[in-house]
Amino acid sequence: STVAAEADAASVMLSCNVKAGSVKDSMCTRVSVNSLSAEGSILVNVVAKKVVAKNCVLYNVVDDSEEGVVLPDGAVRADVYMPGKEKLVIKSTMETDGGKAWKVCVEGNAKSFEDVYKANGAVDIIDAQAAQSA
């Protein structure tokens, strides 16, 4: 890891490249950002210019916008990659019970959790990783 951000003793940073910012009470794995402000959050496989997250979960997020990823408190975001299709951004909240909302399009998502599960079920993980890298 190359972490120039201030990280407290309660945080874990594994295989990260963070150029600036602060991390408190968070777990970050394979995060590559220019600026990170994370508190009480979990970030896994995240690439962006900037991330601001408090009490959030980010998984497989790739964002190349100048403004980066700035989430409201308690947000959940996962980017889903399927070969031959555009990246699907799935949003939720820490308060959302995915089991109860399984068939519902929450947080403005185009698909329900069930729809994503069905669409992604037969995808080869190697092909999906290649699509993510493209």
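**Close-up views of a predicted model**

**View 1. Arg-77 and its neighbours.** Set aside residues up to four places away in sequence, and Arg-77 touches Val-57, Leu-58, Tyr-59, Val-61, Val-62, Asp-63, Val-69, Lys-87, Val-89 and Ile-90. Keep in mind that this is a predicted model. Arg-77 lies in strand 9, and with a relative accessibility of 10% the residue counts as buried. What does the side chain of Arg-77 pair up with? A polar contact of 2.9 Å links the side chain to that of Asp-79.

**View 2. Strand 5 and its parallel partners.** Start with strand 3 (residues 12-14), which runs parallel to strand 5 (residues 27-39) and is joined to it by three bridges. In this pairing, Met-13 sits opposite Cys-28 of strand 5. Next comes strand 4 (residues 17-24), which pairs with strand 5 in the parallel sense over seven bridges. Here Ser-22 is the residue to look for, standing opposite Ser-37 in strand 5. How many bridges connect strand 5 and strand 6 (residues 42-54)? There are eleven, again in the parallel sense. On the strand 6 side, Lys-54 is the bridge partner of Glu-39.

**View 3. Leu-43 in the largest nonpolar core.** This core has 21 residues, and those with the most contacts inside it are Val-18, Cys-28, Val-31, Leu-36, Leu-43, Val-51 and Leu-58. Strand 4, strand 5 and strand 6 are the elements that give two or more residues to this core. Zoom in on Leu-43 and, with neighbours within four places in sequence left out, you'll find contacts with Met-27, Cys-28, Thr-29, Val-31, Leu-36, Ala-38, Val-51 and Leu-58. There is also a second, separate core of eight residues, which includes Val-80, Met-82, Ile-90 and Phe-113. As background, nonpolar side chains in soluble globular proteins tend to be buried together.

**View 4. Cysteines without a disulfide.** How many disulfides does the model have? The count is zero. Take Cys-16: the closest cysteine sulfur belongs to Cys-28, and at 5.3 Å from the sulfur of Cys-16 that is too far for a bond. The cut-off for a disulfide is a pair of cysteine sulfur atoms within 2.5 Å, so the Cys-16 sulfur, with its closest cysteine sulfur at 5.3 Å, doesn't qualify. Is Cys-16 buried or exposed? With a relative accessibility of 4%, Cys-16 counts as buried. Cys-105, on the other hand, is partly exposed, at a relative accessible area of 42%.

**View 5. Two positive phi angles outside glycine.** Asp-25 isn't a glycine, yet its phi is positive, at about 50°. Look for Asp-25 in the loop between strand 4 and strand 5, where the residue is partly exposed with a relative accessible area of 41%. Asn-60 is another non-glycine with a positive phi, of about 60°. Where is Asn-60 found? The place to look is the loop between strand 7 (57-59) and strand 8 (69-70). Despite that loop position, Asn-60 counts as buried, with 14% relative accessibility. The side chain of Asn-60 also makes a polar contact of 3.1 Å with the side chain of Asn-45.

**View 6. The buried side of helix 1.** Which residues of helix 1 (residues 113-120) are buried? They are Phe-113, Glu-114 and Val-116. These residues cover an arc of only 160° around the axis, so they end up on the same side of helix 1. An α-helix has 3.6 residues a turn, so residues three or four places apart point the same way. The buried residues of helix 1 pack against strand 9 (75-80) and strand 10. Phe-113 turns up in the second core too, alongside Val-80, Met-82 and Ile-90.

**View 7. Ser-92 and its surroundings.** Ser-92 lies in strand 10 (residues 88-93) and, at 9% relative accessibility, counts as buried. Which residues does Ser-92 touch, not counting those up to four places away in sequence? The list is Gly-74, Ala-75, Val-76, Val-106, Glu-107 and Phe-113. For a C-alpha distance to check on screen, try Ser-92 and Ala-78: they are 14 residues apart in sequence and 8.8 Å apart in space.

How values were computed. Residues are numbered from 1 along each chain as its sequence is written. This is a predicted model: local features need pLDDT of at least 70, side-chain atom pairs count only at pLDDT 80 or more; totals for chains, interfaces and linings use all residues. Side-chain values use heavy atoms; hydrogens and water are left out. Two strands pair if DSSP finds at least two bridges between them. Helices (H or I, at least four residues) and strands (E, at least two) are DSSP runs, numbered from the N terminus. Buried means under 20% relative accessible area, exposed over 50%, partly exposed in between (1.4 Å probe, protein chains only). A polar contact is a pair of N or O atoms within 3.5 Å; within protein, one must be able to donate a hydrogen and the other to accept it, and residues adjacent in sequence count only if both atoms are side-chain atoms. Contact means heavy atoms within 4.5 Å. The arc is that of the directions from the helix axis to the C-beta atoms. A nonpolar core is a set of buried Ala, Val, Leu, Ile, Met, Phe, Trp, Tyr and Cys residues joined through side-chain atoms within 4.5 Å.
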